[in-house]
Amino acid sequence: MDLKGKTVVVTGSSRGIGFAIAKAFAAKGANIVINDILVPDEAINEIKAMGVGCIGVVADVSDFVQSEEIIKKAKEEFGSVDVLVNNAGITRDCLLLRMKEKDFDDVIRINLKGTFNMTKHASKVMLKQRRGAIINLSSVVGLMGNVGQLNYSASKAGVLGITKSAARELGGRGITCNAIAPGFIKTPMTDVLSDDVKSAMLAQIPLGRQGLPEDVAKVALFFAENDYITGQVVNCDGGMVMQ
Ligand code: NAP
């Protein structure tokens with residue numbers, strides 16, 4: 001897909017990987033919808049300064065009605081929804097025996113149900129357009145599991161299931177659906193980890209450095225620009241997981 005003038009919706013994109021993805025698409029000339037629980041004016045202004053349209057939509061992707069509003073506002077403002085990046089996500093890390101029911105439910109509700117909600121609403125518009133690209137943020141943890149992340153790894157493995165099923169259901173109408181599995185990327189989500197955990201993660205990365213949000217954004221662009229790849233997962237992890 002040629003991204004110039006297209007509409008790109010990125011959830012959870014006021015910071016971190018989502019914001020880097022939003023900027024990467026804006027640099028290709030796409031109009032951007034930033035969604036988050038809070039959308040600071042600075043984020044919108046930074047994208048607008050790149051010469052493209054940008055709106056912010058405050059909404060919780062885990063809420064079915066609010067998530068529909070994101071897609072409605074994107075269509076009202078820019079006339080189409082061409083790319084959806086399901087990026088919003090949370091962690092509530094804890095060992096299984098200490099994990100509260102709420103820690104499990106919150107992570108599944110936002111990471112997995114949020115992806116379902118957004119994919120369902122966006123695909124309605126994309127099916128009519130007979131064009132679209134859906135890109136889901138999974139995680140290497142969804143492939144290999146992780147101590148203290150049972151809830152998170154379950155949600156991210158579920159995102160891969162959504163990706164492959166949506167790819168099969170929507171492919172006939174020219175809509176692709178792919179997933180990115182980032183490893184250990186420098187964002188507010190990982191900044192809070194202890195130095196010991198950070199060192200242990202770095203030791204597992206053959207390329208020897210933590211990833212940057214921009215590394216992940218390049219994979220998102222690759223998926224959106226290539227109309228003949230669907231149902232795939234690309235790890236962006238410095239070699240942490242080799243399949
Ligand atoms: P981040 O810095 O925490 O950013 C996530 C954004 O999503 C935050 O702004 C957050 O807002 C927002 N958000 C949370 N719940 C939401 C909801 N219900 N509706 C809308 N927005 C919501 O995280 P990140 O590191 O950039 O991660 C982005 C994605 O990549 C996530 O799906 C994450 O699981 C995945 N990922 C990250 C890594 C990594 O190493 N960083 C590795 C693998 C996968 P609040 O601040 O209000 O919570």
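Accessible areas here come from the Shrake-Rupley method with a 1.4 Å probe; for residues, only the protein chains shown count as cover. The model is predicted: local features need pLDDT of at least 70, side-chain atom pairs count only at pLDDT 80 or more, and totals for chains, interfaces and linings use all residues. Residues are numbered from 1 along each chain as its sequence is written, and side-chain values use heavy atoms, without hydrogens and water.

**Exercise 1.** State the accessible surface of the chain and the share that belongs to carbon and sulfur atoms.

*Solution.* The total is about 11,400 Å². Carbon and sulfur atoms hold 54% of that surface.

**Exercise 2.** Check whether the end C-alpha atoms of helix 4 (residues 101-129) lie as far apart as expected.

*Solution.* Helices are DSSP runs (H or I, at least four residues), numbered from the N terminus. Step one: the expected span is 1.5 Å times one less than the number of residues. Step two: for 29 residues this should be 42 Å. Step three: the end C-alpha atoms are 41 Å apart, which agrees. Now look along the helix. A kink of about 35° is centred on Lys 113; the bend is the angle between axes fitted to the seven residues ending there and the seven starting there. Just after helix 4, Arg 130 has a positive phi of about 55°.

**Exercise 3.** Describe where the side chains of strand 1 (residues 7-10) point, and find its partner strand.

*Solution.* Strands are DSSP runs too (E, at least two residues). Thr 7 and Val 9 point one way, Val 8 and Val 10 the other. All are buried (under 20% relative accessible area, 1.4 Å probe, protein chains only). Four bridges join strand 1 to strand 2 (residues 31-36), and the two run parallel. Pairing needs at least two DSSP bridges. In strand 2, Val 33 is the bridge partner of Val 9.

Methods. Buried means under 20% relative accessible area, exposed over 50%, partly exposed in between (1.4 Å probe, protein chains only).
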